[in-house]
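Welcome to a short guided tour. Open your viewer, set the display to cartoon, and keep the selection tool at hand.

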Amino acid sequence: MTTTPRAVSVALQKGGVGKTTLAINLAERLANRSNDVLLVDLDQQGNATEGVGLSDAYTASQHIGDVLEDGTETALEDVIYSVDSFDVLPAHEDLDSVENSIRSATFGELWIRNEIIDPVLGDEYDYVVVDSPPNLGPLADASLISTQNVIVPLRMSEPSVSGFERMYTQQIGPIRKEIDLDILAIVPNSLAGDNEEKRIIGDLEGSQFGEFLPQFARSAHFDDPDSPGPGIRERIAFRRAWREGVPLAAHDPESDMLDRLDELAAVVECGGVDDA
């Protein structure tokens, strides 16, 4: 299979949907498929940074903000760390200042793309996975603009779906007037199994967004006795892995969700659900 180097943001403008967990484990699964991968944490909370065991980097003296400064002596490689099978550009407690600088600068939304993504994509890394901020704002816009691809994690609840609808109309739509921005997948995430989840997945399948649901996320899994159900299921192993600062595969290499995360990695490699 021939693939193209690609950057992708994992994003939803609502917290509590498992965005960071998905980003960490997508990076690990891409690396497990013999790819060189960089995980970039642009979430001011730094949860992905903590979730891969790099808590100290969140308050380090050198950080992502230094790379973006004019005339900086800090090179990108100075603030990249190696963990497990992939590399990480950690978040920092000063990311709010970075966002303010992006807001006030002309073409500031291009900083992440010009200074972080473009210099390494295809040369140093096959894939760059960005954990985006869970809100609307310059840093979240910069994330989507820098990757031009997005994976949307959704809980099967009305607040989560409403968050995606806002993101689609208030962020994705305006960005698409300026540059290409592709939805690679919509991923039902942290599912427990109830009738409300079944209803919402059915609604998604019948909407304009149904084409973005991977095969593992489709409602046919509700009727398959050999399936745990559609989507990425709720598993305590995800939380335990995060507390240990490792991806799911390192904590529980027998997890039944690894195959689904691997399928999602194939979606990223191929550039969409239809081609995976």
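Before the first stop, one term: contact means heavy atoms within 4.5 Å. Keep in mind, too, that this is a predicted model.

**Stop 1: two helices that cross**

Select helix H4 (residues 95–104) together with helix H6 (residues 138–147); their axes lie 8 Å apart and the packing angle is about 80 degrees. Angles of 65 to 115 degrees count as roughly perpendicular, so H4 is roughly perpendicular to H6. Now show side chains. On the H4 side, look for Leu95, Val98, Glu99, Ile102 and Arg103, which meet Pro138, Leu139, Ala140 and Ala142 of H6. Colour this contact by class and you should find seven nonpolar residues, two charged ones and no polar ones.

**Stop 2: the rest of H6**

Stay with H6 and turn on the surroundings. How many of the ten residues of H6 are buried? Nine of them are, so H6 is largely enclosed by the rest of the structure. The buried set is Pro138, Leu139, Ala140, Ala142, Ser143, Leu144, Ile145, Ser146 and Thr147. Their packing partners are E1, H4, H5, E5, strand E6 (149–154) and helix H7 (158–176). Step just past the helix to Gln148, where phi is positive, near 60 degrees.

**Stop 3: the sheet**

Next, select the strands. Eight of them make an open sheet with mixed pairing, and reading across gives E3-E4-E2-E5-E1-E6-E7-E8. E3 and strand E8 (232–233) are the edges, each pairing on one side only.

Start at the E3 end. Strand E3 (residues 81–83) pairs with E4 in the antiparallel sense through three bridges, and Tyr81 stands opposite Val88 in E4. The two strands form a hairpin with two residues between them. In that loop sits Asp84, with a positive phi near 50 degrees although the residue is not glycine. Asp84 counts as exposed, at 55% relative accessibility.

Move to E4 itself (residues 86–89). Which residues of E4 are buried on each side? Phe86 and Val88 are buried on one face, and Asp87 and Leu89 are buried on the other. In a regular strand, side chains alternate between the two faces of the sheet. Strand E2 (residues 37–41) runs parallel to E4 and is joined to E4 by three bridges; here, Leu38 stands opposite Asp87.

Add helix H5 (residues 111–120) to the view: H5 lies across strand E1 (6–10), E2, E4 and strand E5 (127–131), and runs at about 145 degrees to E5.

Finish at the E8 end, where strand E7 (residues 182–191) runs parallel to E8 with two bridges between them. Pick Leu191 and Arg233 to see one such pair of bridge partners.

**Stop 4: the cores**

Switch to spheres for the largest nonpolar core, which has 63 residues. Leu26, Leu39, Phe86, Val129, Ile151 and Ile186 touch the most other members. Helix H1 (residues 19–32) is the biggest contributor, giving seven residues. Centre on Ile186: leaving out residues up to four places away in sequence, Ile186 touches Val152, Leu154, Phe164, Phe209, Phe212, Leu213 and Pro214. For a separate, second core of 24 residues, select Val67, Ile80, Ile117 and Tyr125, which are among its members.

**Last stop: a loop residue**

End at Ser34, in the loop between H1 and E2. Is Ser34 buried or exposed? Ser34 is exposed, with a relative accessible area of 70%. Its phi is positive, near 65 degrees, in a residue other than glycine.

Conventions:
Residues are numbered from 1 along each chain as its sequence is written. Side-chain values use heavy atoms; hydrogens and water are left out. Axes are lines fitted to C-alpha atoms, for helices over the stretch in contact, and angles run from 0 to 180 degrees between N-to-C directions. Helices (H or I, at least four residues) and strands (E, at least two) are DSSP runs, numbered from the N terminus. Angles under 35 degrees count as roughly parallel, over 145 as roughly antiparallel, 65 to 115 as roughly perpendicular and the rest as oblique. Ala, Val, Leu, Ile, Met, Phe, Trp, Tyr, Cys and Pro count as nonpolar, Asp, Glu, Lys and Arg as charged, and the others, Gly among them, as polar. A nonpolar core is a set of buried Ala, Val, Leu, Ile, Met, Phe, Trp, Tyr and Cys residues joined through side-chain atoms within 4.5 Å. Buried means under 20% relative accessible area, exposed over 50%, partly exposed in between (1.4 Å probe, protein chains only). Two strands pair if DSSP finds at least two bridges between them.
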